[in-house]
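Trainee: Please take me through one part of this model in close detail. I would like to follow a single helix and the contacts around it.

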Amino acid sequence: IIAKQREGTGKAWPPKRKLPEKKELPKVDDETPTRRRRIQNTTRLGARKGQDAPSTNEKEEDQEAPGEPPTLTSASSTISAGKNSARNKKKREKEKRKKLVQKFTATLVEQVPKFLEAVQARLLDNHLDVCQYYPDHICWRTEALEEYSELVFSLRNSQDWTLLIESEIGGRPIATFQWNEGIRFGDRLVDIVEIPSPKDASPYKTGLEHVEYVICGDTNKQPSSPQNDNTHQKVLNEFMARFPSVEWNTKAKDKETNPDVSTKIEL
């Protein structure tokens with residue numbers, strides 16, 4: 001009753017609180033997409049202590065473009081590339097040596113028969129017939145030391161050629177090779193090639209320089225012992241006496257092995 005009376009006088013206790021006004025919220029269109037804020041992870045793995053974290057823009061620039069594979073580099077890939085480069089270089093060098101041997105062999109096949117025919121014809125002018133003698137070897141000259149080294153190295157690595165000996169004679173190396181096939185000249189086979197290294201004091205152009213015949217042998221035209229003895233001296237002296245018109249060089253007549261005499265002709 002007292003409360004009712006106070007309400008009539010406006011002094012009711014506790015006084016009534018005003019209710020908050022209801023505000024209408026804006027209507028949300030169901031078709032409008034809701035925007036959501038994407039939180040970028042700015043934590044970089046492996047960052048050193050005290051290093052500033054990269055900004056969001058920097059992070060986005062560091063990200064790979066979609067659809068492009070990441071670029072990977074490693075020590076193993078670098079080593080592999082180096083090995084491939086070395087293998088390719090060796091392969092090119094091997095192919096170069098092979099072509100050099102093929103060219104050299106083809107040149108001999110073409111030039112040796114013509115060279116021997118020219119030598120025999122020129123010697124016949126001095127009434128010296130060497131058709132009956134066994135050709136021990138032919139000599140191929142090189143013009144430069146680099147050319148000699150490259151040719152000898154290539155022939156040594158060829159399956160078609162066999163190095164018989166390479167030794168120093170007269171202050172320079174001389175290599176002697178045997179070709180597996182040889183060059184047929186009449187009823188004779190020329191398969192030994194001597195390659196001297198060039199001398200500064202006596203230059204020669206690249207090409208065939210001399211042929212050496214064996215004038216002392218058995219009935220099968222095979223060379224006898226190379227050791228110098230009385231038999232060698234007798235045969236050489238008798239041979240020179242048969243051709244007095246020939247100008248003989250006897251500087252190598254007294255060698256311990258393979259003594260010889262020679263004559264120079266112009267082709």
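What follows is a walk along helix α3 and on to the contacts beyond its end.

Mentor: Keep in mind that this is a predicted model. Start with the second largest pocket, which has a volume of about 300 Å³. Its lining counts 13 residues, and the closest to the pocket centre are K98, V101, N157, S158 and Q159. Two elements give two or more residues each: α3 (75–124) and β3 (172–185). Helix α3 gives the most, with six residues. By type, the lining splits into two nonpolar, six polar and five charged residues.

Now the aromatic side of the helix. There are six aromatic pairs in the structure. One of them joins F104 and W161, with centres 5.8 Å apart and planes at 50 degrees, a tilted pair. F104 belongs to α3 and W161 to strand β2 (residues 161–169), so this contact ties together parts 57 residues apart in sequence. Both rings are buried, F104 as well as W161. The contact is also part of a cluster: ring pairs link F104, W140, W161 and W179.

Next, the charges. Side chains of opposite charge can pair when their charged atoms come close. The model has six salt bridges. Among them, K96 meets E150 at 3.8 Å, N to O. K96 sits in α3 and E150 in helix α4 (residues 145–156), so the bridge ties parts that are 54 residues apart. K96 is exposed, at 54% relative accessible area. E150 is partly exposed, at 34%. Another bridge joins R122 and D125, at 3.5 Å, N to O. R122 is partly exposed at 32%, while D125 is exposed at 52%.

Move past the helix. Y133 lies in the loop between α3 and β1 (134–141), and its ring partner F239 lies in helix α5 (residues 230–242), 106 residues away. The ring centres are 5.8 Å apart and the planes stand at 75 degrees; the cut-off for edge-to-face is over 60, so this pair qualifies. Y133 is buried at 10% relative accessibility. F239 is buried too, at 9%.

Finish with R141 in strand β1, which has two contacts to look at. Its charged end sits over the ring of Y204, 3.8 Å from the ring centre. R141 also forms a salt bridge with E209, the closest N and O atoms being 3.6 Å apart. E209 is in strand β5 (residues 207–214), 68 residues from R141. R141 counts as buried, at 10%, whereas E209 is partly exposed, at 26%.

Conventions. Residues numbered from 1 in each chain as written. Predicted model: local features only at pLDDT ≥ 70, side-chain atom pairs only at ≥ 80, totals over all residues. Heavy atoms only, no water. 1 Å grid on protein atoms, 1.4 Å probe; cavity = no way out; pocket = protein on both sides within 12 Å on 5 of 7 lines; lining within 4 Å. Points joined across faces, edges and corners; volume = space filled by probe spheres on them. Helix = DSSP H or I, 4+ residues; strand = E, 2+ residues; numbered from the N terminus. Nonpolar A, V, L, I, M, F, W, Y, C, P; charged D, E, K, R; others polar. Phe/Tyr/Trp six-rings, centres within 6.5 Å; stacked < 30°, edge-to-face > 60°. Buried < 20%, exposed > 50% of the residue type's maximum accessible area, 1.4 Å probe, protein only. Lys NZ or Arg CZ within 6 Å of the ring centre and 35° of its normal. Salt bridge = Lys/Arg side-chain N within 4 Å of Asp/Glu carboxyl O.
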